[in-house]
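Visitor: I am new here and would like to understand the words people use for this structure. Could you take me through them?

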There are 2 protein chains.
Amino acid sequence: MKCKYALKALVVLAAAEDKMPSKAIAKKAKVPEKFLEAILTELKKNGAITSERGAFGGHRLAKPPAKIMVGHIIRAIDGMLAPVSCASTFYYKKCRDCTHEEVCVIRHAMLEVRNQLSDKLDGMSVQNLLDMSPKQKQKIFW
Amino acid sequence: MKCKYALKALVVLAAAEDKMPSKAIAKKAKVPEKFLEAILTELKKNGAITSERGAFGGHRLAKPPAKIMVGHIIRAIDGMLAPVSCASTFYYKKCRDCTHEEVCVIRHAMLEVRNQLSDKLDGMSVQNLLDMSPKQKQKIFW
DNA sequence: CATATTCCTATAGACTTTATAGGAACAAAG
DNA sequence: CTTTGTTCCTATAAAGTCTATAGGAATATG
Ligand code: FES
Ligand code: FES
């Protein structure tokens with residue numbers, strides 16, 4: 001959910017012409033307001049969005065949507081992509097139940113899976129998401 | 001963990017010449033005994049293994065290891081492969097926060113991810129896992 | 001009957017998920 | 001300088017999932 005909400009928020013922001021307050025994003029994305037607030041904070045920490053406080057404040061993308069990668073966002077919100085920690089590049093952690101990591105068949109298999117997954121996810125931008133929407137004036141994304 | 005343990009158990013069984021009691025599998029796979037017991041029950045329900053009760057009982061693969069697919073096992077143990085339920089073939093469930101599923105950009109993107117993932121996982125058998133192990137007499141898989 | 005094993009049910013601690021609540025800090029407008 | 005609309009921060013909490021452990025009934029073998 002959290003990840004999905006984050007991506008939805010980014011798509012909404014990418015489609016918006018100006019900055020938006022979290023309340024407005026929540027409405028468009030159909031996401032619980034206060035929950036989204038927390039997610040936006042994480043996205044900000046991650047460098048995907050910027051924000052302005054006070055009246056008429058709001059959030060906007062920190063970079064062009066083509067440069068915000070889905071894989072990057074998922075890692076920031078959900079953590080590792082790999083099915084097992086020993087196969088993760090960014091969140092590596094040794095497996096308790098394996099003594100010879102170099103020959104571990106599970107790890108080898110999951111490395112392949114991770115590669116496939118990260119290739120796909122790191123090659124997919126928020127712009128790409130936007131482009132998947134059928135062209136129409138009243139933009140409905142979901 | 002559960003999924004990993006399940007795959008490990010299957011690899012152990014695939015490498016074994018005869019049926020094995022859960023205790024022995026647990027030792028080889030370095031997995032908690034009682035936990036593994038529960039997992040083996042699930043694998044049996046799923047049709048991947050068979051078992052014999054009583055003294056000198058044990059577990060064995062129900063089919064040749066080349067016909068036991070990793071994707072199938074993961075679905076049985078972990079549930080859906082897809083990142084979102086609306087993109088799952090076997091565990092489909094509508095998203096509360098989306099009203100127009102047909103045009104949902106998140107869903108479209110996640111369908112692609114799911115396809116990539118299931119292609120990989122459904123094309124990978126327990127035999128394939130076994131083959132990833134470097135050839136040596138004392139078989140150490142992890 | 002003794003032993004080895006699967007199978008079944010219940011329990012439990014720790015953690016994660018999915019939020020909600022309340023209010024402090026901040027900025028702009030009147 | 002007060003009102004209003006925001007972000008930002010902290011705390012709380014219900015429900016669910018994960019990772020096991022415990023105890024014993026049912027079953028098969030010798
Ligand atoms: S080393 Fe991680 S699964 Fe074996
Ligand atoms: S329909 Fe499932 S994410 Fe939109």
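Guide: Gladly! A word about classes comes first: Asp, Glu, Lys and Arg count as charged, Ala, Val, Leu, Ile, Met, Phe, Trp, Tyr, Cys and Pro as nonpolar, and the others, Gly among them, as polar. By that scheme, the surface near DNA strand C has nine charged, seven nonpolar and six polar residues. Do keep in mind that this is a predicted model.

Visitor: Which residues come nearest to DNA strand C?

Guide: There are 22 residues around the strand, and K34(A), S22(B), E37(B), K44(B) and S51(B) come nearest. Of the strand's atoms within 4 Å of the protein, sugar and phosphate account for 65%.

Visitor: What makes the approach of K34(A) to DNA strand C a polar contact?

Guide: A polar contact is a pair of N or O atoms within 3.5 Å. A polar side-chain atom of K34(A) lies 2.6 Å from a base oxygen of DNA strand C, so the pair meets that cut-off. Y5(A) has a polar side-chain atom 2.9 Å from a phosphate oxygen of the strand. For A55(A), a backbone N or O atom lies 3.4 Å from a base nitrogen of DNA strand C.

Visitor: Which elements give two or more residues to the surface near DNA strand C?

Guide: From chain A they are α1 (2-15) and α3 (33-45), and from chain B they are α3 (33-45), β1 (49-52) and β2 (58-61). The largest share, three residues, comes from α3(B).

Visitor: Why is S118(A) called buried?

Guide: Buried means under 20% relative accessible area. S118(A) has 10% relative accessibility, so this residue counts as buried. S118(A) sits in helix α5 (residues 105-122) of chain A. Apart from neighbours within four places in sequence, S118(A) is in contact with R75(A), L81(A) and G123(A).

Visitor: How do you know that chains A and B are related by a two-fold axis?

Guide: A turn of 180° with a shift of 0.0 Å along the axis lays chain B on chain A with an RMSD of 0.1 Å. That is the relation of a two-fold axis. The same surface serves both copies, as 100% of the contact residues of chain B recur in chain A.

Visitor: How is chain A divided into domains?

Guide: The domain assignment gives domain 1 (2-65 + 129-138) and domain 2 (69-122). Taken over C-alpha atoms, the centres of these two domains of chain A are 28 Å apart. Their contact takes 11 residues from domain 1 of chain A and seven residues from domain 2 of chain A.

Terms used. Residues numbered from 1 in each chain as written. Chains lettered and ligands numbered in written order. Predicted model: local features only at pLDDT ≥ 70, side-chain atom pairs only at ≥ 80, totals over all residues. Heavy atoms only, no water. Near = heavy atom within 4 Å. Polar contact = N/O pair within 3.5 Å; in protein donor to acceptor, adjacent residues only side chain to side chain. Helix = DSSP H or I, 4+ residues; strand = E, 2+ residues; numbered from the N terminus. Buried < 20%, exposed > 50% of the residue type's maximum accessible area, 1.4 Å probe, protein only. Contact = heavy atoms within 4.5 Å. Least-squares fit on C-alpha atoms with pLDDT ≥ 70 in both. Domains from an automatic or database assignment.
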